[in-house]
Amino acid sequence: MSRLSHAADRLATGSTLIARRLATRTAAWVARGRRTDLTGWKAALGCWARLTALLLGLYLLWRLIRAVPNLLWLLSATWTIAAWCAGKPPPKTTTDAPAAPSVEAVHTLLLDVMGSADGVHLRTVLAHLQEHGQWEGRKVADLRAHLELLGIPLDRRVKVGRIPTWGVRRRDLQTPSPPEEPQASPSPSPGT
């Protein structure tokens, strides 16, 4: 690969990570507007209000960019710098690394480390990996970026032992299986 393709790959990876983070945070912010003390459509009014505020903010940003087009250069530069920083590849080790585990293997590992709890902190997962001779010299941010690339949902408010920090929840790992199709009863054959 040429230097230009390495740079483009780093920017694409960083842009993907930032877009996923923004989408996840925005969806979580809108969902936090739901009231638990109400039922029905009244409980969702907070979500609708936050969604309206978000759309109004996007509309105002669009109007501002239309009024001052040079602002788009600043926004593009900011996005590029953030994508460059977020797309930084993990440090290379001198030993030959085994093939990357599949998403199912990572799910299994996370559920094993989680045990019977509802969630697990990323620092606990990193400590478990380092105890078993993996991910030496890496940080929680490296693990978080790796899990985001695999598409594993993360949350910054996972509480384990009353301490909220970055982690994974059991309910996010366990996807419901598709419902089985009911078997049709045999139709009576004609002529009987």
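Modeller: In what follows, a residue is called buried when its relative accessible area is under 20%, exposed when that area is over 50%, and partly exposed in between. The model under discussion is predicted.

Biologist: Why is Val68 called partly exposed?

Modeller: The relative accessibility of Val68 is 41%. Partly exposed covers the range between the limits of 20% and 50%, and Val68 therefore belongs to that class.

Biologist: Where is Val68 found, and which residues form the nonpolar patch on the surface?

Modeller: Val68 sits in the loop between helix 2 and helix 3. The nonpolar patch is made of Leu55, Leu58, Leu61, Leu64, Val68, Leu72 and Leu75, with a joint accessible area of about 590 Å². At least two residues of the patch come from each of helix 2 (45-67) and helix 3 (71-86), and helix 2 gives the largest share, four residues.

Biologist: What makes Val68 pass the exposure condition for a patch?

Modeller: Patch residues need over 30% relative accessible area. Val68 has 41%, so this condition is met.

Biologist: How do you know that the contact of Glu148 and Arg21 is a salt bridge?

Modeller: The N to O distance between the two side chains is 3.2 Å. A salt bridge requires a side-chain nitrogen of Lys or Arg within 4 Å of a carboxyl oxygen of Asp or Glu, so the contact of Glu148 and Arg21 qualifies. This pair joins distant parts of the chain: Glu148 belongs to helix 6 (residues 140-149) and Arg21 to helix 1 (residues 3-31), 127 residues apart.

Biologist: Are Glu148 and Arg21 buried or partly exposed?

Modeller: Glu148 has 10% relative accessibility, which is under 20%, so Glu148 is buried. Arg21 has 22%, between the two limits, and is therefore partly exposed.

Biologist: What makes the contact of Asp37 and Arg35 a salt bridge, and how is each partner classed?

Modeller: The N to O distance is 2.7 Å, which lies within 4 Å, so the contact of Asp37 and Arg35 counts as a salt bridge. Asp37, at 54%, is over the 50% limit and therefore exposed. Arg35, at 42%, is partly exposed. The structure holds four salt bridges.

Biologist: How do you know that Asp155 forms a salt bridge with Arg169?

Modeller: The closest N and O atoms of Asp155 and Arg169 are 2.9 Å apart, within the 4 Å limit, so the criterion is satisfied. The two residues lie in distant parts of the chain, Asp155 in strand 2 (residues 155-160) and Arg169 in strand 3 (residues 163-169), 14 residues apart. Asp155, at 18%, and Arg169, at 17%, are both under 20%, so each is buried. Salt bridges with shared partners join Asp155, Arg157 and Arg169 into one network.

Biologist: Which residues lie nearest the centre of the second largest pocket?

Modeller: Thr24, Arg25, Leu154, Asp155 and Trp166 lie nearest the centre, among 18 lining residues. Two or more lining residues come from each of helix 1, strand 2 and helix 7 (170-173). Helix 1 supplies the largest share of this lining, six residues. The volume of the second largest pocket is about 440 Å³.

Biologist: How does the lining of the second largest pocket divide into nonpolar, polar and charged residues?

Modeller: The lining holds six nonpolar, two polar and ten charged residues. Asp counts as charged.

Biologist: What makes the phi of Trp135 and that of Arg162 worth a remark?

Modeller: Trp135 has a phi near 55°, a positive value in a residue other than glycine. Arg162, also not a glycine, has a positive phi of about 65°. Trp135 is in the loop between helix 5 (122-131) and helix 6, and Arg162 is in the loop between strand 2 and strand 3.

Biologist: Are Trp135 and Arg162 buried or exposed?

Modeller: Trp135, at 18%, is under the 20% limit and therefore buried. Arg162, at 79%, is over the 50% limit and therefore exposed.

Biologist: How many helices and strands does the protein chain have?

Modeller: The protein chain has seven helices and three strands, in the order α-α-α-α-β-α-α-β-β-α along the sequence. Of its 192 residues, 20% are buried.

How values were computed: Residues are numbered from 1 along each chain as its sequence is written. This is a predicted model: local features need pLDDT of at least 70, side-chain atom pairs count only at pLDDT 80 or more; totals for chains, interfaces and linings use all residues. Side-chain values use heavy atoms; hydrogens and water are left out. Buried means under 20% relative accessible area, exposed over 50%, partly exposed in between (1.4 Å probe, protein chains only). On a 1 Å grid over the protein atoms alone, a cavity is a set of points where a 1.4 Å probe fits but cannot get out, and a pocket is an open set with protein on both sides within 12 Å along at least five of seven lines; lining residues have an atom within 4 Å of a point. Grid points are joined across faces, edges and corners, and a volume is the space filled by probe spheres set on the points. Patches are made of residues with over 30% relative accessible area and no salt bridge: like charges are joined within 9 Å, nonpolar side chains (Val, Leu, Ile, Met, Phe, Trp, Tyr) within 5 Å. Accessible areas come from the Shrake-Rupley method with a 1.4 Å probe; for residues, only the protein chains shown count as cover.
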